[in-house]
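Trainee: Please pick one part of this structure and go through it closely. I would like to know which pieces of the chain meet there and how they are arranged.

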Amino acid sequence: MEIKVSDQALQWFKDDVEVSDGDTIKFQAKYGGYSPIHEGFSLAFALNEPMEDTITTTEKDGITFFIDVTDAWYFEGYNLIVEYNEQLDEVAYDYEEIQ
């Protein structure tokens, strides 16, 4: 399982969320909303949460993106693709099935 963050999504996090070198972003499942891989759930992120029991991490420009074991079920069999939606001016999530 991997987290892939586009350059445009990284810039959105820097500009809109004001993350900087050394910050962390945790991706986590939340009840409600829409997801193409789990009905009734969606994806959220939290800033500077403790990095304990991570299942995957990726670092880009000094910012660490991660998922921990609590949410492993949500991502099982998929890579997380984090992109930027210019029309909505926010990040968008896609899921790439692991072959």
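Mentor: Start with a salt bridge. The side chains of Asp-68 and Lys-26 meet at 3.0 Å, N to O. Asp-68 sits in strand β5 and Lys-26 in strand β2, residues 24–31, so the contact ties together parts 42 residues apart in sequence. Keep in mind that this is a predicted model.

Is this pair buried or exposed? Both Asp-68 and Lys-26 are buried. The cut-off for that word is under 20% relative accessible area.

Now look at the sheet that holds both strands. It is open, has 4 strands and follows the order β3-β2-β5-β4. The pairing is mixed. β3 (41–47) and β4 (54–60) form the edges. Each has a single partner strand, so one side of each lacks a neighbour in the sheet. From one strand to the next, the twist averages 25°. In general, strands of a sheet pair through backbone hydrogen bonds, parallel or antiparallel.

Move to the β4 edge. β4 and β5, residues 63–68, run antiparallel and are joined by 6 bridges. For one partner pair, find Glu-59: its bridge partner in β5 is Thr-64. The two strands make a hairpin with 2 residues between them. Asp-61, in the turn, has a positive phi of about 55°.

β4 also carries Ile-55. At 34% relative accessibility, Ile-55 counts as partly exposed, because the band for that class runs between 20% and 50%. Ile-55 joins Met-1, Val-69 and Ile-98 in a nonpolar surface patch of about 300 Å².

Further along β4 comes Lys-60. The Lys-60 side chain meets that of Asp-7 in a salt bridge, 2.8 Å from N to O. This pair links distant parts of the chain, with Asp-7 in helix α1, Lys-60 in strand β4, and their positions 53 residues apart. How exposed are the two ends? Asp-7 counts as exposed because its relative accessibility is 55%. Lys-60, at 22%, counts as partly exposed.

That contact leads to the helix. α1 covers residues 7–17, and its buried residues are Ala-9, Leu-10, Trp-12, Phe-13 and Val-17. They span an arc of only 155° around the axis, which puts them on the same side of α1. The general rule behind such a pattern is simple: an α-helix has 3.6 residues a turn, so residues three or four places apart point the same way. Asp-7 and Gln-8 are exposed on the face of α1 turned away from the buried side. So Asp-7, the residue that bridges to Lys-60, is on that outward face. After α1 comes Glu-18, whose phi is positive, near 65°.

There is another sheet to set beside this one. It is open, with 3 strands in the order β1-β6-β7 and mixed pairing. β1 and β7 are the edge strands, and each pairs on one side only. The twist here averages 20° from one strand to the next. β6 and β7 are antiparallel and share 8 bridges. Within that pairing, Tyr-78 stands opposite Glu-97 in β7.

A salt bridge connects the edge strands of this sheet. Lys-4 pairs with Glu-96, and their closest N and O atoms are 2.8 Å apart. Lys-4 belongs to strand β1 (residues 3–5) and Glu-96 to strand β7, 92 residues apart. Lys-4 counts as partly exposed because its relative accessibility is 29%. Glu-96 is also partly exposed, at 33%.

One loop residue rounds off this region. Gln-87 lies between β6 (78–85) and β7 (90–97). At 78% relative accessibility, Gln-87 counts as exposed. The C-alpha atoms of Gln-87 and Leu-43 are 19 Å apart, with the two residues 44 apart along the chain.

Back to the starting point. The count comes to 4 salt bridges. Among them, Asp-68 to Lys-26 ties β5 to β2, and both of its residues are buried. Asp-7 to Lys-60 links α1 with β4, while Lys-4 to Glu-96 links β1 with β7.

Key
Residues are numbered from 1 along each chain as its sequence is written. This is a predicted model: local features need pLDDT of at least 70, side-chain atom pairs count only at pLDDT 80 or more; totals for chains, interfaces and linings use all residues. Side-chain values use heavy atoms; hydrogens and water are left out. Buried means under 20% relative accessible area, exposed over 50%, partly exposed in between (1.4 Å probe, protein chains only). The arc is that of the directions from the helix axis to the C-beta atoms. Two strands pair if DSSP finds at least two bridges between them. Axes are lines fitted to C-alpha atoms, for helices over the stretch in contact, and angles run from 0 to 180 degrees between N-to-C directions. Patches are made of residues with over 30% relative accessible area and no salt bridge: like charges are joined within 9 Å, nonpolar side chains (Val, Leu, Ile, Met, Phe, Trp, Tyr) within 5 Å. Accessible areas come from the Shrake-Rupley method with a 1.4 Å probe; for residues, only the protein chains shown count as cover.
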